[in-house]
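Here's a walk through one protein chain, going from the whole fold down to a few spots worth a look. Keep the viewer open while you read.

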Amino acid sequence: MSKALDTNPDDAKLIEAGYDPAAAPFDAIAKLRELRGMPGVTDLAIARALGIIADPAAAAMLAEMEAGASGAMRREVRRALYKLKQHGIDAPLASAANTAPDSHTEKTEIAGMLSPIDGEGARIVWIVKPRVQGGLLRMWALISEAEGLVGAQNTHLSRRELNSERDELEHRAQVKLVDADWRVADFIACEAWRNTPEARRGKVGNFLALRSELIASPPPTELVHPVYAELAAEAAGEPSVELLKEPELLEWRLPDQLLKPYVDEINQAGESVIVLSPVHKQERMNAVVDRATAELLSGDNGKRIQRRLEDIAYYLARVGRRTQAGWAAAAAARLRDGVDVTKVLFFQAFVRTQLGTVAAAEQQKAEEEPRLIMTPAEAMRAREARTRRR
């Protein structure tokens with residue numbers, strides 16, 4: 001539960017701005033997120049407030065704030081995390097991905113590499129670690145957004161062989177593998193393993209045993225994604241609809257089974273037997289799109305879309321497309337913060353594009369299928385054709 005803040009001018013301004021220390025943890029944390037960056041409200045005050053909210057979400061937000069923090073701010077965050085730890089609440093394990101490692105060994109001993117995510121949600125993850133005996137141990141994992149971990153294997157190889165395989169993969173698939181923080185690559189692989197149906201896990205090998213050959217720490221269950229620190233300024237802005245023109249978004253397809261009910265409803269609105277003006281028909285269609293946007297971008301599906309946007313931003317930043325990376329990070333941040341997605345132009349356009357793709361595919365399929373009902377003239381020509389063949 002939230003407790004009263006210490007007497008402090010900055011804390012008083014936080015309360016004046018609308019923060020209620022007695023609010024429920026969810027509401028208190030949401031308000032603190034909303035107040036970040038507001039005039040007169042300091043991150044130091046927000047960190048102190050989070051330190052007395054005994055909730056894992058407070059620790060997660062503190063870990064997020066710690067990314068890139070230094071000096072007094074970093075000390076205040078660490079102090080707040082320590083207070084939460086005294087209440088049995090630990091910082092997310094993966095928050096270390098956002099802080100500078102303490103030694104050169106930690107920076108270089110393990111490396112990660114990521115491919116882009118293709119239109120169907122598939123990608124390749126490599127995690128590489130030097131072997132004491134010489135050479136490298138490379139985990140290769142194929143990941144699918146729909147199926148989880150499709151396959152994983154460990155291979156011993158030299159650095160020359162690793163570079164050769166990387167060049168070959170990039171040439172064959174016409175994609176670029178980017179260097180990544182191994183903690184991010186590890187989280188992606190572990191998340192995919194957790195999302196793999198039990199019936200399929202036996203077919204992809206003993207992932208946890210393979211992982212233990214490279215990484216001693218327990219599999220992470222949370223990630224404060226580094227894009228929010230790397231692209232902090234961009235993530236605070238509005239995501240541009242121009243992002244939808246990029247290949248990573250242009251080829252992205254949500255599952256048809258999620259979209260079809262809304263497409264059917266839009267079609268019914270357009271074909272209604274009730275005589276409606278074009279304006280009224282458009283209003284009904286817009287209402288369906290608004291509901292589709294709200295429903296498709298919430299719950300577990302909304303979380304998956306947020307994660308994909310985070311990873312798209314991470315990849316784009318590493319191939320030099322920072323502007324587009326910033327747009328993706330901004331979109332992910334809005335899902336993270338629980339904003340009303342129906343008011344965000346980018347999400348409206350994203351959902352309309354997805355629905356339009358399914359509608360166009362259905363129309364093309366209908367045009368290609370043979371018609372079961374023929375006009376009298378068509379029936380006569382067909383009968384004449386059969387007579388001639390005899």
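What follows is a short tour of overall make-up, helix packing, salt bridges and two loop residues.

## The big picture

First things first: this is a predicted model. The chain has 390 residues, and 42% of them count as buried. On the secondary-structure side, you'll find 19 helices and 5 strands.

How do the contacts spread along the sequence? Take the contacts between residues at least 6 apart in sequence: 65% of those join residues at least 24 apart. As for the surface, the chain exposes about 21100 Å², with carbon and sulfur atoms supplying 54% of that area.

## Helices H16 and H17

Let's start the packing story with a pair of helices late in the chain. H16 covers residues 299-318, and H17 covers residues 322-336. Their axes come within 8 Å and cross at roughly 160°. An angle over 145 degrees counts as roughly antiparallel, so H16 and H17 are roughly antiparallel to each other. The crossing is left-handed.

Which residues do the touching? On the H16 side, the contact set includes Gly302, Ile305, Leu309, Ile312, Ala313, Leu316 and Ala317, along with Gln306 and Glu310. H17 brings Ala325, Ala328, Ala329, Ala331, Ala332 and Leu335 to the meeting, plus Arg322, Gln324 and Arg336.

## Helices H3 and H4

Now jump back towards the start of the chain. H3 (residues 43-50) and H4 have axes that come within 9 Å and cross at roughly 150°. That angle makes H3 roughly antiparallel to H4, and here too the crossing is left-handed.

The contacts involve Asp43, Ile46, Ala47 and Leu50 from H3. They meet Ala58, Met61, Leu62 and Met65 from H4.

## Salt bridges

A search of the whole structure turns up 31 salt bridges. One of them pairs Glu64 with Arg33, at 3.0 Å from N to O. This one links distant parts of the chain: Glu64 sits in helix H4 (residues 56-66) and Arg33 in helix H2 (residues 25-35), 31 residues apart. Is Glu64 buried or exposed? It's buried, with a relative accessible area of 14%. Arg33 has 23% relative accessibility and counts as partly exposed.

Another bridge brings H17 back into the story. Arg334 pairs with Glu238, and the closest N and O atoms are 3.5 Å apart. Arg334 belongs to H17, while Glu238 is in the loop between helix H12 (232-235) and helix H13 (247-250), so the pair is 96 residues apart and again links distant parts of the chain. The two ends have quite separate surroundings: Arg334 is buried at 11% relative accessibility, whereas Glu238 is exposed at 54%.Then there's Lys245 with Glu242, where the closest N and O atoms are 3.1 Å apart. Lys245 is exposed, with 57% relative accessibility, and Glu242 is partly exposed at 35%. Salt bridges that share partners also tie Arg123, Glu191, Arg307, Glu310 and Asp311 into one network. Glu310 appears in the helix packing as well, among the H16 residues that meet H17.

## Gln174, with its positive phi

Most residues other than glycine have a negative phi. Gln174 goes the other way: it isn't a glycine, yet its phi is positive, at about 55°.

Where is Gln174 in the chain? Look in the loop between helix H7 (159-173) and strand S5 (178-180). Gln174 is exposed there, with a relative accessible area of 63%.

## Glu109, between a helix and a strand

The last stop is Glu109, found in the loop between helix H6 (104-108) and strand S1 (111-114). Glu109 is partly exposed, at 33% relative accessible area.

Which residues does Glu109 contact once you leave aside its neighbours within four places in sequence? The partners are Val128, Lys129 and Pro130. It's also worth drawing a line from Glu109 to Leu214: the two are 105 residues apart in sequence and 10.0 Å apart in space, C-alpha to C-alpha.

How values were computed
Residues numbered from 1 in each chain as written. Predicted model: local features only at pLDDT ≥ 70, side-chain atom pairs only at ≥ 80, totals over all residues. Heavy atoms only, no water. Helix = DSSP H or I, 4+ residues; strand = E, 2+ residues; numbered from the N terminus. Buried < 20%, exposed > 50% of the residue type's maximum accessible area, 1.4 Å probe, protein only. Contact = heavy atoms within 4.5 Å. Areas by Shrake-Rupley, 256 points an atom, 1.4 Å probe, with all protein chains shown as cover. Salt bridge = Lys/Arg side-chain N within 4 Å of Asp/Glu carboxyl O. Axes fitted to C-alpha atoms, helices over the stretch in contact; angles between N-to-C directions. Parallel < 35°, antiparallel > 145°, perpendicular 65-115°, else oblique. Left-handed = near helix turned anticlockwise from the far one by under 90°.
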